[in-house]
Amino acid sequence: MAVAKVNEAVNSTASSTAFRLGDIGKKYGIFLFLMAAILLTTALTPAFLSPANIANMLMQFAPLAIVVIGQTFVILVRGLDLSVASVMATAAVIATSFSGQDSSALVILLACVAMGAATGLANGLLVTKRNVSPFLATLATMVVLQGFRFAATQGAPSGNVPPVFRALGSATFYGVPYNLMVMVVLAIAFTVLLHRAAFGRRVYITGGNPITAHLVGIAADRVTMTCYIICGAMAAMAGLVLSGFVGVVDNFVGRGFELDSIVAAVMGGVALSGGRGTIPGALAGAAILVVLSNAVVMIGMPVQLQIIVKGVVIIAAATLYVRTAK
């Protein structure tokens, strides 16, 4: 009898420990993966953690992180936005179409955010009112924006980014990039909105079960459209920041951000089926992509091998999340 009780206690302790470890893995697995990637890269090339390289990575991280914040809202309501890269490029072109003086900065900011929000509204209307799939709806707006952009610039945009945006995208304050400060402010604001406000609860309910959302009186279509508007506005902000970082503007600023933002969010635990995920987790996914891209360059891998390694690590991180999330 005593032996049986001891065995039962041991089994209970083991089960409890396994449960705690599984819970830790589910909540913090992506952050542990990020830390492991940083430690491994540092072991391979100590210069990875040099102040100059850290500042460079943070400047690269900020634009992607801003887009990821908006993409998270859309994915939470069972959507995705392929138009974010085109919105970024359009915002960059708008920025160069003004006089290039700091006096135009506020006008440029408002014009770009309005353009991004309008694009998000168009996406939201197509998805909710016309029942167009998010993939086709956002792909269509991406192409339309690209067409307008090429028509306006004749394929060769010209002009200068105002100095204030150039400083915002590439300057630092005591070693801390200005664009990172902007990203942190936006991340805090939208994290509070999503995780502490009533709107955030509506987002999770709408994404988790749209039928339930309707039954409890939530205007699911309105919530979905708002998420697309947020995503479009954030993409426009990211476009301004990225144009300042790059220093030159063309019609393809932000190319690849549409897929990277989706991958980062999903890798960070935002479920494509909707209703599950957090902004901090999505930002950790974005950080992994930036760390990985920088690491393969620092190590000196050939370009072809860089792409392979990046794909393998993304698969590994996604697999880790799926296993810990069960």
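These legends walk through an overview and several close-up views of a predicted model.

**Figure 1. The whole protein, to get your bearings.** Start with the overall picture: the secondary structure comes to 13 helices and two strands. Of the 326 residues in the protein, 45% are buried. About 15,800 Å² is exposed, and carbon and sulfur atoms supply 70% of that area. Now think about which parts of the chain meet. Among contacts between residues at least 6 apart in sequence, 79% join residues at least 24 apart.

**Figure 2. Helix α3, an enclosed helix.** This view follows helix α3, which covers residues 84–96 and has 13 residues. From its first C-alpha to its last, helix α3 reaches 19 Å, close to the 18 Å expected at 1.5 Å a residue. Is this helix enclosed or open to the outside? Here 13 of the 13 residues of α3 are buried, so the helix is largely enclosed by the rest of the structure.

**Figure 3. F73 and F190, an aromatic pair between two helices.** The protein has three aromatic pairs, and this view shows one of them, made by F73 and F190. Their ring centres are 5.7 Å apart and their planes meet at 75°, an edge-to-face arrangement. F73 belongs to helix α2 (residues 51–76) and F190 to helix α7 (residues 178–196), so the pair ties together parts that are 117 residues apart in sequence. F73 counts as buried because its relative accessibility is 0%. F190 has a relative accessibility of 17%, so F190 counts as buried too; the cut-off for buried is under 20%.

**Figure 4. F173, Y174 and Y178, a cluster of rings.** Let us turn to another aromatic site. Ring pairs link F173, Y174 and Y178 into a cluster. Within this cluster, the rings of F173 and Y178 have centres 6.4 Å apart and planes at 45°, so this pair is tilted. F173 is partly exposed, with 42% relative accessibility. Y178 is also partly exposed, at 30%.

**Figure 5. A nonpolar patch on the surface.** Four residues come together here: I205, I211, L215 and V216 form a nonpolar patch on the surface. Together they offer about 420 Å² of accessible area. One member of the patch, L215, sits in helix α9, which spans residues 210–215. Is L215 buried or exposed? Its relative accessibility is 71%, so L215 counts as exposed.

**Figure 6. L272, a loop residue and its contacts.** L272 is found in the loop between α11 (257–267) and α12 (279–299). Which residues does L272 contact, leaving aside its neighbours within four places in sequence? They are I75, R78 and V266. Take R78 as an example: L272 and R78 are 194 residues apart in sequence, while their C-alpha atoms are 6.1 Å apart in space.

**Figure 7. V263, a helix residue and its partners.** This last view moves to V263, which lies in helix α11. V263 is partly exposed, with a relative accessible area of 27%. Not counting residues up to four places away in sequence, V263 touches L289 and I314. The C-alpha atoms of V263 and I314 are separated by 8.0 Å, and these two residues are 51 residues apart along the chain.

Technical notes
Residues are numbered from 1 along each chain as its sequence is written. This is a predicted model: local features need pLDDT of at least 70, side-chain atom pairs count only at pLDDT 80 or more; totals for chains, interfaces and linings use all residues. Side-chain values use heavy atoms; hydrogens and water are left out. Patches are made of residues with over 30% relative accessible area and no salt bridge: like charges are joined within 9 Å, nonpolar side chains (Val, Leu, Ile, Met, Phe, Trp, Tyr) within 5 Å. Accessible areas come from the Shrake-Rupley method with a 1.4 Å probe; for residues, only the protein chains shown count as cover. A salt bridge is a side-chain nitrogen of Lys or Arg within 4 Å of a carboxyl oxygen of Asp or Glu. Helices (H or I, at least four residues) and strands (E, at least two) are DSSP runs, numbered from the N terminus. Buried means under 20% relative accessible area, exposed over 50%, partly exposed in between (1.4 Å probe, protein chains only). Rings of Phe, Tyr and Trp (its six-membered ring) pair if their centres lie within 6.5 Å; planes under 30 degrees apart count as stacked, over 60 as edge-to-face and the rest as tilted. Contact means heavy atoms within 4.5 Å. The expected span of a helix is 1.5 Å times one less than its number of residues.
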